[in-house]
Amino acid sequence: VVLCRYLARPSWANLSWLLICGLGLLLSITRMTIVACVVQVALLLWLYPRRSWLLLAALLAALLALLAFAGSRQFREFVVDTVTLSDTSSSARPLQWASGLRDLVEHPLGRGLGFSGQSGARFGEEGVGTEAGYFKVTGDLGLPGLLLFLSWFAGIIFSAWLLIRRRVGVWRQLGLVCFAVAVGFLINNLTAPPDQSPFTIYVFAWLAGMTVRAATLPIGAGERLPDPAPPMARSVQSGS
């Protein structure tokens, strides 16, 4: 959202917010989320389009990573531990994935709601899916649930793509945001499920519904859906 705002209205203030959010993301040391956000930034710059900026951002990121790797022993150890799955967080993933695959083979239709994730862990189950979001789905609902889950996201991504191609202004911005967030969710769901975040539970679901609705509105050749006017502007117009 912050990046889309800066791309739409480049200014020092919007750039400051973008840098603050980027710094906060890096300091959180959430590896898969950082990877997902890198992919999202690349998608937004490609779709906006700001493809020259994409090349510049890639070169800058590579330079900063190289300097950090060469100048910080802690950063080098962090990268090595991540790649070799040596630290506590990384080493938990293969165990979760193996457990999820084994459970999927034994129960292809799932074990029922409440078996996986934090809900299952609270009731003494294995808590499958707390470190692998797709197995959280299959643990409860099996392969049919996983198909529905992926189909839901496919519908959002397709609707967002239609908005990006057919609309302008605020509606196109909405399509860009939903497209990037949906792709980021699917990447991040390889590890800890993003649906544990209030933003994903409430805000993203609301934006996704708006995206699907706007994308399915009929539109003629060359017609464009107008940007929604602010409430104040609408009241002034109706009064005049």
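Biologist: What does Arg 111 touch, leaving out residues up to four places away in sequence?

Modeller: In this predicted model, Arg 111 touches Asp 103, Glu 106, Gly 139 and Asp 140, with residues up to four places away in sequence not counted. Arg 111 itself sits in the loop between α6 (88–106) and α7 (117–122).

Biologist: What makes Arg 111 and Asp 103 a salt bridge?

Modeller: The closest N and O atoms of Arg 111 and Asp 103 are 2.6 Å apart. The cut-off is 4 Å between a side-chain nitrogen of Lys or Arg and a carboxyl oxygen of Asp or Glu, so the pair qualifies. A search of the whole structure finds 1 salt bridge.

Biologist: Why is the link between the side chains of Arg 111 and His 107 called a polar contact?

Modeller: That contact is 3.2 Å, and the limit for a pair of N or O atoms is 3.5 Å, so it passes on distance. The side chains of Arg 111 and Asp 103 are also joined by a polar contact, at 2.6 Å.

Biologist: How do you know whether Arg 111 and Asp 103 are buried or exposed?

Modeller: Look at the relative accessible area. Asp 103 comes in at 5%; buried means under 20%, so Asp 103 is buried. Arg 111 has 39%, which lies between 20% and 50%, so Arg 111 is called partly exposed.

Biologist: Back to Asp 140, then. Why does Asp 140 have no salt bridge?

Modeller: The nearest side chain of opposite charge to Asp 140 is Lys 136, 7.1 Å away. A salt bridge has to be within 4 Å, so Lys 136 doesn't make the cut. Asp 140 is buried all the same, and its place is in helix α8 (residues 133–166).

Biologist: Which residues does Asp 140 touch, not counting those up to four places away in sequence?

Modeller: Leu 109, Gly 110, Arg 111, Gly 112, Leu 113, Gly 114, Phe 115 and Ser 116. Arg 111 and Asp 140 are 29 residues apart in sequence, with their C-alpha atoms 5.2 Å apart in space.

Biologist: And why does Ser 99 count as buried?

Modeller: Ser 99 has 12% relative accessibility, and anything under 20% is buried, so Ser 99 gets that label. Ser 99 is in helix α6. From Ser 99 to Gly 139 is 40 residues in sequence and 9.9 Å in space, C-alpha to C-alpha.

Biologist: What makes Ile 201 eligible for the nonpolar surface patch?

Modeller: A patch residue needs over 30% relative accessible area, and Ile 201 has 41%, so Ile 201 clears that bar. The patch covers about 610 Å² and is made by Phe 199, Ile 201, Tyr 202, Val 203, Trp 206 and Met 210. Ile 201 lies in helix α10 (residues 198–216).

Biologist: Why is the phi of Ile 29 worth flagging?

Modeller: Ile 29 has a positive phi of about 55° and is not a glycine. Most residues other than glycine have a negative phi. Ile 29 belongs to the loop between α2 (12–28) and α3 (31–47).

Biologist: How many helices and strands does the protein have?

Modeller: The count is 11 helices and 0 strands.

Biologist: How much of the protein is buried, and what supplies the exposed area?

Modeller: Buried residues are 31% of the 240. The protein exposes about 14600 Å², and carbon and sulfur atoms supply 71% of that area.

Definitions and conventions:
Residues are numbered from 1 along each chain as its sequence is written. This is a predicted model: local features need pLDDT of at least 70, side-chain atom pairs count only at pLDDT 80 or more; totals for chains, interfaces and linings use all residues. Side-chain values use heavy atoms; hydrogens and water are left out. Helices (H or I, at least four residues) and strands (E, at least two) are DSSP runs, numbered from the N terminus. Buried means under 20% relative accessible area, exposed over 50%, partly exposed in between (1.4 Å probe, protein chains only). Lys and Arg count as positive and Asp and Glu as negative; His and the chain ends are not counted. Contact means heavy atoms within 4.5 Å. Patches are made of residues with over 30% relative accessible area and no salt bridge: like charges are joined within 9 Å, nonpolar side chains (Val, Leu, Ile, Met, Phe, Trp, Tyr) within 5 Å. Accessible areas come from the Shrake-Rupley method with a 1.4 Å probe; for residues, only the protein chains shown count as cover. A polar contact is a pair of N or O atoms within 3.5 Å; within protein, one must be able to donate a hydrogen and the other to accept it, and residues adjacent in sequence count only if both atoms are side-chain atoms.
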